[in-house]
Amino acid sequence: MKGWMGKFKFVFLLSFLAIILAGCGKENLTALVPKGYGAESSMNLIVLSTVIMTFVFIVVLSVYLIAIVRFRKKKGQENYIPKQVEGSKKLETIWTVIPIILVLILAVPTVAATFDLADESGKSDHINVDVTGNQYWWHFSYADEEVQTSQDLYIPTGEKVYLNMKSSDVIHSLWVPSISGKMDVNPENENTMYIEANEEGVYWGKCAELCGPSHSLMDFKVIAVSPEEYEQWVADMQSVDPEEEPQDAVAQDGKAAMEANNCLSCHAIGSSPNAVGPNLTNFGDRTKIVGYLETNKQNLVDWLLDPESIKPGNLMTGKYPELSEEEADSIAEYLLQLKPSEITPESAGN
Ligand code: HEC
Ligand SMILES: [Cu+2]
């Protein structure tokens, strides 16, 4: 390429990359704007390692440039052989010791942070949530409170919440970048990690371990509300009566249709720990269906009629009788009315 286009090719490429990369990261889904203890701890390490890398880069680049400029072969010195430094004890020592020091500066805080974040000594004094990773959704069981919920994890701000995590099938990994690091969720053994949010907010969580065709859609939310709001939410969830009849006739049909179509063999409403499918107690309060679709009636009807097109490989497809549009519509009406609490993602300033 000749002309001005060719000259600026590099600049174009760089600006293109900058624009594309600037699109990465969303607020409340980024480790670079930490809003919780674990994320802050990671961020400090990110900054430290970036500083060290920059230092190394600048030093190496300077030495390189000096070598190129100062020690060029000069006119009239074609046969000049510079002083040979191969095997110099002094130089070898310098470039062995400096990297060791740098690695130590990196390693000591990293190991300290790793042990700090894995510390379980205060576990029994704090809220404990049993987390189950499932293809492709998350279940949260507050054992002491006898509250069951899926997809949305409610926590109070400024408090450690211990997550005791297991998988019901394959390996998943729980990651809420804005407030914590990530941890594997295994079928055989329980892994524990704590999370702590500094301020109210809806923090986006992701499954960070390839677990099947809908892995990338296995999203969830951590909803951090004030401690008072959290107490209120727990009390509201505890007082749900799963047998309660809805007010209007369409929703009543929907409730009956769910009973007739095998839905409740997998889905619990209320505090029953039944967890083949997501718990639906506060389904109407969630802002997403199956973790990632905007909550509205049309999306819900689409899900009920053809889940496979929305989440390939999900474990609901084909496990219930085919629904008529009318049935799907009435079920959707019923499910969207399941709003047991005044505390919703909006309370956290969604
Ligand atoms: C074999 C068990 C099973 C049966 C039967 C079943 N589901 Fe599901 N359902 C699931 C699973 C598993 C998911 C989670 C899918 C995913 O996200 O990968 C799900 C997801 C859902 C969701 C989304 C929940 C959320 O948190 O966003 C709704 C709503 C739902 N099912 C309603 C129904 C209805 C209504 C019926 C009956 C017509 C039904 N299900 C029958 C297993 C089942
Ligand atoms: Cu997963």
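Is Val290 buried or exposed, and how many other C-beta atoms lie within 10 Å? Val290 is buried, because 22 other C-beta atoms lie within 10 Å. The legends below describe close-up views of a predicted model.

**View 1. Val290 sits in a loop between two strands.**
The loop runs between strand 11 and strand 12 (293-294). Val290 is not a glycine, yet its phi is positive, at about 45°. Most residues other than glycine have a negative phi. Val290 is also buried, with 22 other C-beta atoms within 10 Å.

**View 2. Asn262 has a positive phi too.**
The phi of Asn262 is about 75°, although Asn262 is not a glycine. Its loop lies between helix 6 (249-260) and strand 11 (288-289). Is Asn262 buried or exposed? Asn262 counts as exposed, because it has 12 C-beta neighbours inside 10 Å and a residue with 12 or fewer falls in that class.

**View 3. A shell of 28 residues surrounds ligand 1.**
Which residues come nearest to the ligand? They are Cys263, Cys266, Gly277, Met316 and Lys319. By type, the shell holds 16 nonpolar residues, ten polar ones and two charged ones.

**View 4. Residues 249-339 carry a UniProt annotation.**
The unreviewed entry labels this span "domain: Cytochrome c". In the model, the span is 41% helix and 4% strand. Its end C-alpha atoms lie 18 Å apart.

**View 5. The chain is divided into two domains.**
Domain 1 takes in residues 26-73 + 84-117. Domain 2 covers residues 249-348. Taken over C-alpha atoms, the centres of the two domains are 50 Å apart.

**View 6. Helix 4 spans residues 89-117.**
The helix has 29 residues. At 1.5 Å a residue, they should span 42 Å. The end C-alpha atoms are 42 Å apart, so the expected span and the model agree. How many residues of helix 4 are buried? The number is zero, so the helix lies largely in the open.

**View 7. Strand 2 (residues 137-142) is mostly covered.**
Six of its six residues are buried. Trp137, His139 and Ser141 point one way from the strand. Trp138, Phe140 and Tyr142 point the other way. The residues on both sides are buried.

**View 8. Strand 1 (residues 127-134) pairs with strand 2.**
The pairing is antiparallel and runs over five bridges. Thr132 stands opposite His139 of strand 2. The two strands form a hairpin, with two residues between them. Tyr136 lies in the loop that links them. The peptide bond from Gln135 to Tyr136 is cis, with omega near -5°. Most peptide bonds are trans.

**View 9. Strand 2 also pairs with strand 3 (residues 147-150).**
This pairing is antiparallel as well, over four bridges. Which residue of strand 3 does Phe140 stand opposite? Its partner is Thr149. The hairpin of strand 2 and strand 3 has four residues between the strands. In this hairpin, Glu146 takes a positive phi near 55°.

**View 10. Strand 6 (residues 172-175) and strand 7 (residues 182-185) pair in the antiparallel sense.**
Four bridges hold the pairing. Trp175 stands opposite Lys182 in strand 7. A hairpin of six residues joins strand 6 to strand 7.

How values were computed
Residues are numbered from 1 along each chain as its sequence is written. Chains are lettered from A and ligands numbered from 1 in the order in which they are written. This is a predicted model: local features need pLDDT of at least 70, side-chain atom pairs count only at pLDDT 80 or more; totals for chains, interfaces and linings use all residues. A residue is near a molecule or strand if its C-beta atom, placed from the backbone, lies within 6 Å of it. Ala, Val, Leu, Ile, Met, Phe, Trp, Tyr, Cys and Pro count as nonpolar, Asp, Glu, Lys and Arg as charged, and the others, Gly among them, as polar. The expected span of a helix is 1.5 Å times one less than its number of residues. A residue is buried if 20 or more other C-beta atoms lie within 10 Å of its own, exposed if 12 or fewer, and partly exposed in between; C-beta atoms are placed from the backbone. UniProt positions are given in the numbering used here, feature names are shortened, and annotations may be inferred rather than shown by experiment. Domain bounds come from an automatic or database domain assignment. Two strands pair if DSSP finds at least two bridges between them.
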